[in-house]
Each structure stands twice: as structure tokens, then as C-alpha cells.
Amino acid sequence: MLKDITLGQYIPAKSPLHSINPPLKIIFTILYMAALFTVKTYYSYAVFTIYTFLLMIISAIPVKIILKGLRPMMWILIFTGLLNIFMTPGNIIWSISIFKFTLKITSEGLSSGILMAIRLIYLLIGTSLLTLTTSPLQLTDGIETLLKPFNRIKVPSQEIAMMMTIAIRFIPTLTEETDKIMKAQTARGADFETGNIIKRAKAMVPLLVPLFISAFRRADELATAMEARCYNSGIKRTKMKENHMTFTDLKAGIVFTAGAAILLLAEFWIYF
């Protein structure tokens with residue numbers, strides 16, 4: 001399951017999403033997430049579904065790789081959906097009493113649970129598409145470009161962009177390291193899959209200690225490598241490749257604006 005985590009991975013390909021300017025791509029991703037938490041009707045969710053699948057197709061990333069990243073989050077999706085189903089008040093369609101507790105399923109809760117699960121799935125897909133189609137270097141340049149106006153108030157945009165990119169970049173690395181440690185300890189008799197929740201949590205303790213040691217060692221090696229390359233904070237650095245708006249970015253902006261207009265029309269269609 002650890003190998004199914006796609007956040008932080010980059011897959012090179014020739015597609016319109018790969019060629020979009022990184023700062024513009026980050027802005028589009030933020031607006032995508034904002035629109036996702038704005039829509040409420042089934043009409044708008046249908047439009048959002050079509051829009052998301054079109055993004056998956058034009059990204060030139062295999063669909064199975066994108067959907068594979070949903071597997072580690074499946075329990076969170078199920079738990080969130082069940083909370084909305086049982087905790088949302090409304091018209092009761094089913095109820096059961098267990099040890100003085102009454103579980104109730106309402107029509108509003110069922111609708112809210114389904115829509116919340118769909119919302120989280122699309123959120124994971126949208127963020128995965130950003131990292132799958134943007135290299136760590138491009139992501140750093142994009143974040144730095146967006147934070148550059150804050151330099152006037154002494155915000156270190158370059159350092160913040162570097163830290164955020166390193167954090168995202170090392171997600172798959174630490175995931176791979178965790179998988180290796182689990183396999184090594186399983187070969188020595190460790191058991192991570194049987195027993196109750198408390199027993200499984202205790203079994204994770206021997207896993208966390210070598211993982212933290214490995215993480216600190218990698219951080220020290222990275223710091224040494226950056227110092228060997230004369231990296232120093234607070235110094236204005238130039239770029240080998242500057243970000244410039246292209247005709248592809250203009251077309252992407254037009255398509256995104258058209259998609260947002262259709263989404264708004266579907267969202268407020270029910271009120272007309």
C-alpha cells in the first residue's frame with residue numbers, strides 16, 4: 001500500500017499539462033480546490049466529474065497510476081463518509097439502537113456523505129496531477145514566483161519555496177524507506193497486520209525509530225550537499241530557465257475560464 005502513494009512523484013511526459021507554466025499551474029490547482037469546496041448540487045458535481053476526467057486524459061499519465069494514489073486514503077474516505085452519514089440531522093430513513101446508543105441514517109446525511117467522499121477523491125486527484133506533471137525544480141520556481149511579491153515585507157520566498165519542495169520531494173523517498181524497513185522487520189518475525197488496533201500501534205514503534213534515524217541522516221546529507229554547492233540563504237540567485245507566459249498558458253487560461261463558467265452555470269441552474 002505504501003507504494004501506492006503518488007503525492008510527490010513526477011512522471012515526465014509530453015502533454016498540455018506538463019507544458020503549462022508552473023506558477024499558473026499552481027494557481028489553477030488552488031482555484032480547482034476552491035471550486036471543489038464551493039459546488040453543492042449534483043449538476044455541478046457532474047460537470048466537475050467530466051472536467052476532472054478530461055484533465056486526467058490530457059495529462060498523458062496512466063489513469064491507473066492516478067487512481068492508485070487513492071488506495072492509501074481509502075479508510076479515511078470511508079470514515080469521513082460514515083461520519084457525515086450518521087452525524088448529519090434530517091429525515092430519518094433507518095435507525096438502530098446499540099447499547100443505549102442510537103445510530104440514525106438520514107437522507108441529508110446520506111447525500112452529504114456521498115458528496116464529501118467524492119469531494120475528497122477529486123481533491124486527491126487534483127493535487128496528484130500537480131505533482132505528477134510538475135518536476136520538483138519547476139515546482140520550486142513556481143512557488144518562488146508566486147511568493148516573490150512578499151519579498152517587500154521581508155518574507156524569504158526562496159527559502160520557503162525550497163522547504164516546501166523538499167518536503168514534497170521526500171514523501172516518496174520516505175515511503176520507499178518505510179516499505180524497506182517493514183519488509184526487513186517482517187523477515188525477522190515482526191507482525192504489522194494481525195491483532196487489534198492497540199497491538200498494531202505498538203508494532204509500529206520499532207518501525208518509527210529506524211525511520212526517524214534514516215530521515216535525520218538524509219536531512220544531514222542534504223544539508224552537507226547544499227553547503228558543498230555553496231548554497232546560502234538570503235542571497236539573490238539567478239535561474240537557468242526563466243518562467244515566461246506562452247501561447248499554451250493562454251489556451252489553458254481560456255479553457256479553465258470556460259470550465260469555471262460552465263461549473264457556475266450548473267451550480268446555479270437549479271435556482272433559475
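Here is a short chat about this predicted model.

Visitor: Which element has the highest mean pLDDT, and which the lowest?
Guide: Since the model is predicted, confidence is a good place to start. The protein averages a pLDDT of 80, and 90% of the residues score at least 70. Element by element, strand S1 (residues 92–98) has the lowest mean, 75, while the highest, 88, belongs to helix H2 (residues 22–36).

Visitor: How many helices and strands are there?
Guide: Going along the sequence, you read α-α-α-α-α-β-β-α-α-α-α-α. That pattern goes with a count of 10 helices and two strands.

Visitor: What is the angle between the planes of Phe-28 and Phe-256?
Guide: The structure holds five aromatic pairs. Phe-28 and Phe-256 form one that is stacked, with 4.6 Å centre to centre. Phe-28 sits in helix H2 and Phe-256 in helix H10 (residues 247–268), 228 residues apart. The angle between their planes is 15°.

Visitor: Why is the pair of Tyr-51 and Phe-256 given a label, and what is that label?
Guide: Tyr-51 lies in helix H3 (residues 42–58) and Phe-256 in helix H10, so this pair ties together parts that are 205 residues apart in sequence. The ring centres are 6.5 Å apart and planes over 60 degrees apart get a name of their own. Here the planes are at 65°, so the pair is edge-to-face.

Visitor: Is Phe-256 buried or exposed?
Guide: Phe-256 belongs to one aromatic cluster with Phe-28 and Tyr-51. Buried means under 20% relative accessible area. Phe-256 has 14% relative accessibility, so this residue counts as buried.

Terms used. Residues are numbered from 1 along each chain as its sequence is written. This is a predicted model: local features need pLDDT of at least 70, side-chain atom pairs count only at pLDDT 80 or more; totals for chains, interfaces and linings use all residues. Side-chain values use heavy atoms; hydrogens and water are left out. pLDDT is the predictor's confidence in each residue, from 0 to 100. Helices (H or I, at least four residues) and strands (E, at least two) are DSSP runs, numbered from the N terminus. Rings of Phe, Tyr and Trp (its six-membered ring) pair if their centres lie within 6.5 Å; planes under 30 degrees apart count as stacked, over 60 as edge-to-face and the rest as tilted. Buried means under 20% relative accessible area, exposed over 50%, partly exposed in between (1.4 Å probe, protein chains only).
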